[in-house]
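Visitor: Hi, I'd like to walk through a protein model. Can you put it up so we can talk?

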Amino acid sequence: MLPGNPDPATPPAGDILKAVISLALLLLWSGDVLDARAQSLVRRHCLECHAGAQAKAELRFDLEQPGAGLDAAAWREAWTRVHAGEMPPRKHGVLPPDDRKLLLELAVTLAGQGEERSVLRRLSRREYENTVRDLFGIVFDAREHFAPDEIGGGFDNQGAALSLSEADFERYLQAGERVAAAAIQVRDPGAPNHQRVRAEAMDGGALRHDVRTLSSNGQIRASFRIEAEGRYRVRARCFGTQAGPDPVRWAMSSGGREFARGATRATLKQREEVMGELTLTTGSRSIEFAFLNDYYKPDDPDPRQRDRNCHLEWIEIEGPLDPPRYSPYQSAALADLGESNLRSKLAALATRVWRGPVSSSDMDALLALTNAAHRPVERMRSALAAMLAAPRFVFRVETDPESAAPGSLRRLNGHELAVRLSYLVWGSLPDDVLLQRAADGSLLKDEVLEAELARMLRDPRASELSRSFALQWLQLEALGNHALDAGLRESMLAETSLLFECVLREERPIRELLCAEYSFIDERLAALYGMALPRGPGMQRVALPAGDRRGVLGHASVLTVTSNPTRTSPVKRGKWVLEVLLDAPPPPPPPGVGVLTEADATGAQLPMREQLALHRSKPECAVCHDRLDPLGLGLENYDRMGRTRSADEGGLIDGAGALPDGRAFHGVGEMAQLLASDGALARSLARHLMTWSLGRSLSVAERAALEQRMAALDAQQLTLPGLLRAIVLSEPFRTKRVE
Amino acid sequence: MTRRSLDRRTVLRGAAVTLALPWLEAMLPNGRLGVRAQQASPPAPRRAVWVYVPNGLAQQPLKAAAGFQLQGALAPLAPLSSSVLLIHGLAQDAARAHGDGPGDHARACAAFLTGVHPLKKDGAVLVGASADQLAAQQIGNRTRLRSLVVGAEGSNTSGQCDSGYACAYSSQLSWAGPSTPAGKEHRPMRVYERLFLDEEDPAFLETMAERRARRRSVLDFVRGEARRLEQRLGQADRQKLEEYQDGIRELERRLERMQQGEQQARALPAPPKDAEKNYPELVRAHYDLIAMALATDSTRIATFLLANEGSNRGYPHLGIPEGHHELSHHGKDPHKLTQWEKIGAWHVDAFAAFLKRLTELREGESSVLDSTMVLFGSAIGDGNRHNHDQLPILLAGAVRGGREVEFAQETSLNRLHLAMTAYTGASLPRLGDADLPLDLA
């Protein structure tokens, strides 16, 4: 899948960084005033607006002062704005490429270092779930168990944002206990069990003979004791007193969460068993059976058509249906477990759980949690519960050796690198092979690192990139806040996730994310797009018909998440393009600006394009909206849910738009071609993936180095595996700044 | 975020200093540092309890005599008068008919804590989530049980109970969602089991004490781990680890507090096996269980429906064979009126015993009552008129008591619920017609 040799067009990461640093050194005036060339650069492009008492945006250059009067933070801001193409403003003419390059280098130099410090990363809920799954084959619902993770820089895995409140700590303890109880089973986990609760032992409704009756909408509750977590089948024997036009409708839920619903025409003489399936965790769990459509028409001439009721005889559960099979680690830990091998088996388990070597004193402490009066399996379970609550599991720890000089960059050791790699690609812990490469040190070699990456990308677990990274990068997790049919939402997300998966797995050029002439749709999306039904159930790969629905810009997911509930929002769409595809986020609107009104002074509804033009006539709005609006207007041929349209309430739609650099396009197809052709998409993706992999924002020096590296790659042919290879071989991925 | 954790650390650092003080204090002649040493005990958790009486309480709002003398039906509360606040003028507008005709009992109960006018249609169930459950959603994860919802009568989750209203309305105070009652438990033994047996791990069925002991040893272990790790981490990493260590400390304090609470709770009588047969016993058992749950910090939110709204049970232990609901429609008949008021007075008496229990349960220097807001009242004023204004409402515990306040007529009861939930640390933007907590200062 990946060539064994490094791409000849890819210079080693270190060289690029060195090149940037040496250039920077040339430009570094040891904190003194800028040299003549740099002064002239700033004078020509910045001073007109950013000097003296009237300096705009409070950014005030003073060429007499060291660093031209700006501190490191201000130079970082300057870099970002120049890099995004916002500054100098286009109305002042286009910045010559050489000047732009020099100005950026100057900013990198003066922005200094030190902001790239990483902080201890806690496992996010997603990572916790994946890790437990890969360790023990256990599905643990961490999203339900833990408080939501804070999002930083658009991602759920950023060290600085992932905090841990005092109340959360106990949740870690509980989670550890639950996982340990499920992982280290004292009895055979496979034996499924049947439990039936008869009407007399339930609550709710009215009990008559052996049946509970719901004579109006309401529910009946039965309680079950669940000893093994897993999927359960629930059967309820019920029937109706049928009346009125509809059959009896019912729903089953557990703790208020519905898992099945349906209708039954069953009667007293012909009772029926209705079914559903759900996942149950251990403990006392309730199943509720609800009657949904009571009907009462006392004056109906037919006495049998006057009153509809619902009756329940029993509820039965059977499970777990997927008896947890021991994962290799469980088997190894539990097979022939006895007093004599407890310590060695525990050490093997701890190495896995803690993702690195363990010491003899670690073993002493773990065994001290219990004593010889306990059975070995109980001791193993207690030790595991403690391991899972310990900082070595909860956090991804990278400790500096004592010999490392503070402030210097040090190379990660094998285990640290293995952990970064596995959480980047799988969102989970390293497997045995990777741990082996870490332990023998071979992972530190470029060719082994590349080969491991290639191997891991072939693994099914790599789909984590399509599911989690891609949806977070594309800001699609916010789709959950939109009022949509749940099924349709799933289909929308699946379409985008599958396109990313396809580009990843089939090693297609990254630009296909924008230009793909195929997509993945099911009947819901086919109906939405007005396309022929796909052959076969579920999501199917189909060739897109002629038109300009191409790539993610034509996906309902993206077009919906960037819309308002009742109409499209060209501004939001423009912002999305800037942030996601161009990595040039606009600054937040200044305080006190109004929102877009939908009508002019006369109260008439204006076409969207004219509304926005009106809006841009205000200079304080134009500075950003000149960049935002023309992007979003180019997407107006898709409505708020991504349906094609040629007109809206304001009249015919004109798909004309322009990129921030002024290049004009007509319609989504042309826009995508432009964005894909010059590597902007690949650069943005690279920066986002880098942030994802490091769990922190990048310094401007790192961003500049990354751009250099990207410039050396062929943007037209670059694939996701190729990009990932560049990232894992890069300096920031393999080093850490010593504190 | 940063600021919050910084504040917390500062506080903790202060706590650590004072924690080291007791030996110093002993060396000083008259314990001058006593006040500071006392601050070291962890702040008690803040809780809220709602107790609801059906069928109204009295024709006119119960008032104290001059000098806040609690008399008549309120007399049993006299020994606790300094922690009792009588609140007048509150109304629950959502309990009114608004064109839906009769059914005041169902509406009163359903609207009391939700602030939402329940839907009257073919026995359908649609009201709103209740204040206690909304608060439990926010703060419930800090305790083993998110909330405790009990009642002295069973629930009818279906059927019609009051003039075309679904039965759920008149038998449920607490609502997890608009159509989902929170699942009231009326059997004291079940409540007891939930409190004292571990539901998470049925294979062990271990007791609270056993689990606490196990947690302690794990806490010791992870504390040692964190300490060793801390020494090898840089500054930024240490700050993150500190959040984790704060969590350890917080849990240790909680375990200590729970141990103290549990020792006291254990001393309380377990519910009698046949409690359900004897109403006064049953009411006392539920009050005791709520006290146990609060003292062990098993939950911080509880509701107690003394009987379903519109309940027509007799009170034979008071020599009253007639039904409560029937008596409440007294029509100014002197006999009925007396009997009805007698039942109300008995409920106040049982409530006073509950408050006394809460004052006896100690947490460090204070009592459980000191950090609990307990509401006692009804969404029906006079049972004969079914009025939903001038409601009989009193608040006890964590409130400036020993007085009565008169709010403007038609002040929303929901504002009081907002004040109570805010006290527990939950933040509800609004409830029913209210978005501003009642000022109880």
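Visitor: Is Glu153(B) buried or partly exposed?

Guide: This is a predicted model, so the answer is computed from it. Glu153(B) has 14% relative accessibility, so Glu153(B) counts as buried. The cut-off for buried is under 20%.

Visitor: What does Glu153(B) form a salt bridge with?

Guide: Its partner is Arg313(B). The closest N and O atoms are 2.9 Å apart. Arg313(B) counts as partly exposed, at 24% relative accessibility.

Visitor: Where do those two sit in the chain?

Guide: In distant parts, 160 residues apart. Arg313(B) is in the loop between E8 and helix H11 (324-328) of chain B. Glu153(B) is in the loop between E3 and strand E4 (160-162) of chain B.

Visitor: How many salt bridges are there over all chains?

Guide: The count comes to 77. One of them joins the side chains of Glu464(A) and Arg126(A), at 2.6 Å from N to O.

Visitor: Which parts does that pair tie together?

Guide: Glu464(A) lies in helix H16 (residues 464-473) of chain A, and Arg126(A) lies in helix H5 (residues 125-136) of chain A, so the pair links parts 338 residues apart in sequence. Both Glu464(A) and Arg126(A) are buried.

Visitor: And what about Asp93(B) and Arg96(B)?

Guide: Their side chains meet in a salt bridge, 2.8 Å from N to O. Asp93(B) is partly exposed, with a relative accessible area of 28%. Arg96(B) is partly exposed too, at 21%.

Visitor: Which residues are linked in a network of salt bridges?

Guide: The network is in chain A. Its arginines include Arg196(A), Arg198(A) and Arg231(A). Among its glutamates are Glu273(A), Glu277(A) and Glu313(A).

Visitor: New topic. How many residues are in the largest nonpolar core?

Guide: There are 99. Val425(A), Leu465(A), Trp473(A), Leu514(A) and Leu553(A) touch the most other members.

Visitor: What is Val425(A) in contact with, leaving aside neighbours within four places in sequence?

Guide: The list includes Leu453(A), Met456(A), Leu457(A) and Leu465(A). Arg461(A) and Glu464(A) are also among its contacts. A second, separate core has 61 residues, including Val132(A), Phe146(A), Leu346(A) and Leu255(B).

Visitor: Why would nonpolar side chains be found together?

Guide: In soluble globular proteins, nonpolar side chains tend to be buried together.

Visitor: How much of chain A is buried?

Guide: Of its 739 residues, 57% count as buried. Chain A has 28 helices and 21 strands.

Visitor: Now the contact between the chains. How many residues does it take from each?

Guide: It takes 50 residues from chain B and 58 residues from chain A. The area buried between them is about 4600 Å². Carbon and sulfur atoms give 55% of that.

Visitor: Which three residues of chain B supply more of its buried area than any other three?

Guide: Phe221(B), Lys240(B) and Tyr244(B). They supply 15% of the area that chain B buries against chain A.

Visitor: How many salt bridges are there between chain B and chain A?

Guide: Five. One pairs Arg215(B) with Glu170(A), with the closest N and O atoms 3.1 Å apart. The interface also has 12 residue pairs in polar contact.

Visitor: Which helices of chain B supply at least two residues of the side that touches chain A?

Guide: Helix H1 (2-19), helix H8 (208-230) and helix H9 (235-267) each do. H9(B) gives the largest share, 13 residues.

Terms used. Residues numbered from 1 in each chain as written. Chains lettered and ligands numbered in written order. Predicted model: local features only at pLDDT ≥ 70, side-chain atom pairs only at ≥ 80, totals over all residues. Heavy atoms only, no water. Core = buried A, V, L, I, M, F, W, Y, C linked by side-chain atoms within 4.5 Å. Buried < 20%, exposed > 50% of the residue type's maximum accessible area, 1.4 Å probe, protein only. Contact = heavy atoms within 4.5 Å. Buried area = accessible area lost by both parts, 1.4 Å probe. Salt bridge = Lys/Arg side-chain N within 4 Å of Asp/Glu carboxyl O. Polar contact = N/O pair within 3.5 Å; in protein donor to acceptor, adjacent residues only side chain to side chain. Helix = DSSP H or I, 4+ residues; strand = E, 2+ residues; numbered from the N terminus.
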